[in-house]
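Dear colleague,

Please find below the structure that I am handing over to you, with its sequence. My findings on the pairing of charged side chains follow it.

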Amino acid sequence: MDRLGAVVERISMPDLTAYGLPRPQADLYSRVDDGSIPVQDVGIVAAIRNRSVLPVTTIERFEAAQVVLVDGQRLRPDVVIVAAGYSRGLEPMLGALGVLRADGCPVVHGAHNPPGAAGLWFNGFTNPISGMLREIAMDAKAIAAAIIAE
C-alpha cells in the first residue's frame, strides 16, 4: 500500500517544500496506520503556491497583536489559522489566555469570541449529533462573516 500510495501522492500532491511544507517522512499508509487521516485539497495548495497563504514554523505564543514563532521570528499577520490536526494541543500556545476548558477544548466555537479574546475563533472542536463536517462548514461560514464584519 505504501508504494502505491507514494506514487498517487506524488502525482496528486505537488511538493510544497519550497513553500515551507516538506513532504511527510512516513509513507501514506503508514501514516494512516498511525492514526493520521489524509485530507483532500480544496484550494489550500493553490493559495500556498500563489503566496496568499504563507505557512510558517510553529507558533510559540501570542503577544498582543504579534505572533512569536519558535525560531524567534515575530509576525503581525492579518489572520492566523492554526491547523492543529486531530489532537488539540492548544494549551502551550493559548493556555495563558483563559480561552480553553480544563480538557483543552475552547470555551466557545464558531462565530463567538472567547471573553477577552476578540478576533479569536475556533472551529472543529465539537462533535454534534448532526455531524461534525456539517458543523465545521456552518461554523466556517459564520466565522468568515464575522471576520468580514470586523
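Glutamate 63 and arginine 74 meet through their side chains in a salt bridge, with 2.7 Å from N to O. Glutamate 63 belongs to strand β1 (residues 59-63) and arginine 74 to strand β3 (residues 74-75), so this pair ties together parts that lie 11 residues apart in sequence. Both partners fall in the category between buried and exposed: glutamate 63 is partly exposed at 30% relative accessibility, and arginine 74 is partly exposed at 40%. Please bear in mind that the model is predicted.

As general background, side chains of opposite charge can pair when their charged atoms come close.

How many salt bridges does the structure hold? There are four. Another of them joins glutamate 60 to arginine 61, where the closest N and O atoms are 2.3 Å apart. Glutamate 60 counts as partly exposed, with 36% relative accessibility, and arginine 61 is likewise partly exposed, at 28%.

A further salt bridge is formed by the side chains of arginine 101 and aspartate 103, at 2.8 Å from N to O. Here arginine 101 has a relative accessibility of 45% and counts as partly exposed, while aspartate 103 is partly exposed with a relative accessible area of 38%.

Which residues are joined into one network by salt bridges that share partners? They are Glu60, Arg61, Glu63 and Arg74. When you open the structure, you may wish to begin with the pair of glutamate 63 and arginine 74, which links strand β1 with strand β3.

With kind regards

Technical notes:
Residues numbered from 1 in each chain as written. Predicted model: local features only at pLDDT ≥ 70, side-chain atom pairs only at ≥ 80, totals over all residues. Heavy atoms only, no water. Buried < 20%, exposed > 50% of the residue type's maximum accessible area, 1.4 Å probe, protein only. Helix = DSSP H or I, 4+ residues; strand = E, 2+ residues; numbered from the N terminus.
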